[in-house]
Amino acid sequence: MTAAGPDVDAALVERVKQGDVRAFEMLVVKYQRRIERLIGRMVRDVDLVPDIAQETFIRAYRALPQFRGDSAFYTWLYRIAVNTAKKALVDLKRDPLVTDAALAGSDDDDETSRRTLEPSDMATPEALLASKEIAATVNAAIEALSEDLRQAITLREIEGLSYEEIADVMNCPIGTVRSRIFRAREAIALRLRPLLDTRDGERW
Amino acid sequence: MTHSVDDPNERRWLQLSALCDGEADTAEARASFEGWRDDAALRARWHSYQWIGDVMRSDDLASAAEHDQAFLLALRGRLAKEPVVLAPARTDSVVPAVASAGAQLAVAGGRRQRWGAPMAMAAGVMVTGALVVMSSSGPQPTVSAGPVALQVQTGAQTVAAVGPSVGASAVQVGDMLRNPELDRYLNAHRQFAQGSTLSVPGGVRQVAVTPDGQ
């Protein structure tokens, strides 16, 4: 794992602070799945998860001018999510169901580490099946990549290396790293497109 | 091996991919922000790139894309009702405490905002006047020099807290512009202050007391 460098979300956060609400939407799309998974481990009622996640992002949006960047944006958002979930549970006078994995990740500012976790309570059989299909498609798409593209996307997404570090590892210019990661993403996205159940750009 | 990018769309998506990883420069990031506003295909790609990364890291993040879309649409509706956030810009001339005071004034309501500017101007006039008195009349009698100096110092702090630009310029400028009307007012004020001081010398005047009681 690489040492903590500049926050990858710094440009987006700064843009939101300048009044661009749409930049905040980009952060939402980036972190919504992780935040919902976190909240899903804390509450029993699966119907509450999206509502608490929405409240988390609204609170983060309101508090963003006070975010000083002392920690990564995701770490900051993570804490807001935990506090929002706890408050929701207190308001509902329910006992939180906090798993060891959720507690262990409370100081986690690593957005690239892979954890093998049990499915959350909110996963229905249909959703589990769909998730497995998506995961299998992504894995198959990665296997189909050339060695250069597979190594570049893996070093970035799994190992969390910066472009400069990947360039060192792969002994190539940073521009090449940038291009390989982009082409790997495009190739995987092409394989996933039938599962997106929407044409390119529709609804987004 | 580098990949030449001639297609404008592909170039924008390449920049978007770099923004995903925090590796886009300022111009590239700006292009992506603007693209997010106007380009549905770019928005879809942003989701795909993030989704791929999540699934690579953990299978249980492979949620359905429709759910993600519905989540964003619902949140977008709520965000539309929120006031736009604007972080206060940091400048070298404003200390953090002043920025905090300014922010408090800004959110305190229309009434305080209406009075903020006139009060800052009035305080600035006080500081200016006090400096004019000090520079034009030379050393003052011991009895009045203390209170005037204190008033200047207090006034400068007040102005700096309310309107840093006014206070800073008034304090930094050594030769003040003379205003005849202001001079008349200040002279009258000074005479009044001296007169009242002389009329009750025992009440204001400070004397040194030696250990032997002299």
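**Contacts between chains A and B in a predicted model**

A:Glu133 is exposed, because 12 other C-beta atoms lie within 10 Å (a residue is exposed at 12 or fewer such atoms, buried at 20 or more and partly exposed in between, with C-beta atoms placed from the backbone). This residue belongs to helix α6 (residues 125-144) of chain A, and A:Glu133 and A:Leu195, 62 residues apart in sequence, are 8.6 Å apart in space, C-alpha to C-alpha. The model is predicted, so that local features need pLDDT of at least 70 and side-chain atom pairs count only at pLDDT 80 or more, whereas totals for chains, interfaces and linings use all residues. Residues are numbered from 1 along each chain as its sequence is written, and chains are lettered from A and ligands numbered from 1 in the order in which they are written.

Between the chains, 54 residues of chain B are in contact with 66 residues of chain A, contact being C-beta atoms, placed from the backbone, within 7 Å. The side of chain B that touches chain A draws at least two residues from each of α1 (8-20), α2 (26-38), α3 (40-57) and α4 (65-79) of chain B, and α3(B) gives the most, with 15 residues; helices are DSSP runs of H or I, at least four residues, numbered from the N terminus. Of the 18 residues of α3(B), 15 are buried.

Helix α2 (residues 21-42) of chain A and α4(B) have axes that come within 10 Å and cross at roughly 145°, where axes are lines fitted to C-alpha atoms over the stretch in contact and angles run from 0 to 180 degrees between N-to-C directions. Among the residues that meet there are A:Phe24 and A:Val28 in α2(A) and B:Phe71 and B:Leu75 in α4(B).

Methods: Contact = placed C-beta atoms within 7 Å.
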